[in-house]
Amino acid sequence: MKLNLTDFTQLKNISENLEEKENGNNLEKEIEALKNQINQLLKQIEVEKKNAYKKGFEDAIKSLKEKYKNALEQKIKEIEASFNDKYNAEIKQAEDTIEKIQNALKQHYQIYLAKISEIISDSIAEILEFLYIHEKDPKEVAEKINEILEELREFKVLKIKISKDQNLELLQKFLSSVSLEIDENLKGNDFIIEFDNGKIENKFREKIEIVKDEIKREIKKLSEI
């Protein structure tokens, strides 16, 4: 039996073809697997992209809300501060105006009160002076002096001064036991009794001024605001 080498070559070729075919099938499978992996990765990327887009959108909305809220709060604070400044300035201006009006009214009231007080005290002084001059004659002045001398009889009388307005001779008749003399500084029914240890002065004008001052004080006290 002759060995046909040619046949071995054919077998070899067949074997190689089979191996190539098998390798080709494996390659196709690997390519198909790679395609599937790529598709899975693309889907995953798409999901991740959507998730990233959604998260970015939500973060952006949240950031914008926070930014708008802060801006709004800042604007409200500015408006409140502006309103308070304007309100306080208007209140201060109104208070200053009221204070000026009160001071002006008080000043006018004090001037008016002073005039009224002066008129009243002058009128009362005129009435008292009129009554004193016209109702008190030298005889009554002498009686007043005698009352004082009687009350102070234990003291020694040195002299009695009367005003030049008095009738010295007539008054001396009512006060014959004491010495009278004119004092140019005295007026009306004023007199001074000098004792060895002191003196008593009866000055009508001074008393009138005291009465006027007292009337003014009482009017001011009753009219204080």
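**Reading salt bridges and a nonpolar core**

Q: Where do Glu214 and Arg217 lie, and how many residues apart are they?
A: Helices are DSSP runs of H or I with at least four residues, and strands are E runs of at least two, numbered from the N terminus. Here both Glu214 and Arg217 belong to helix 4 (residues 204–222), three residues apart, about one turn of the helix. The model is predicted, so local features need pLDDT of at least 70 and side-chain atom pairs count only at pLDDT 80 or more, whereas totals for chains, interfaces and linings use all residues. Residues are numbered from 1 along each chain as its sequence is written, and side-chain values use heavy atoms, with hydrogens and water left out.

Q: What joins the side chains of Glu214 and Arg217?
A: A salt bridge needs a side-chain nitrogen of Lys or Arg within 4 Å of a carboxyl oxygen of Asp or Glu. Glu214 and Arg217 meet in one at 2.6 Å, N to O, and the whole structure holds 10 salt bridges.

Q: Is the Lys161 side of its salt bridge with Glu194 buried or exposed?
A: Buried is under 20% relative accessible area, exposed over 50%, and partly exposed in between (1.4 Å probe, protein chains only). Lys161 counts as buried at 16%, as does Glu194 at 16%; their closest N and O atoms are 3.3 Å apart, and the pair links distant parts of the chain, with Lys161 in strand 1 and Glu194 in strand 3.

Q: Which element gives the most to the largest nonpolar core?
A: Such a core joins buried Ala, Val, Leu, Ile, Met, Phe, Trp, Tyr and Cys residues through side-chain atoms within 4.5 Å. The largest has 14 residues, with Ile145 and Phe191 among those with the most contacts inside it, and helix 2 gives the most, with five residues.
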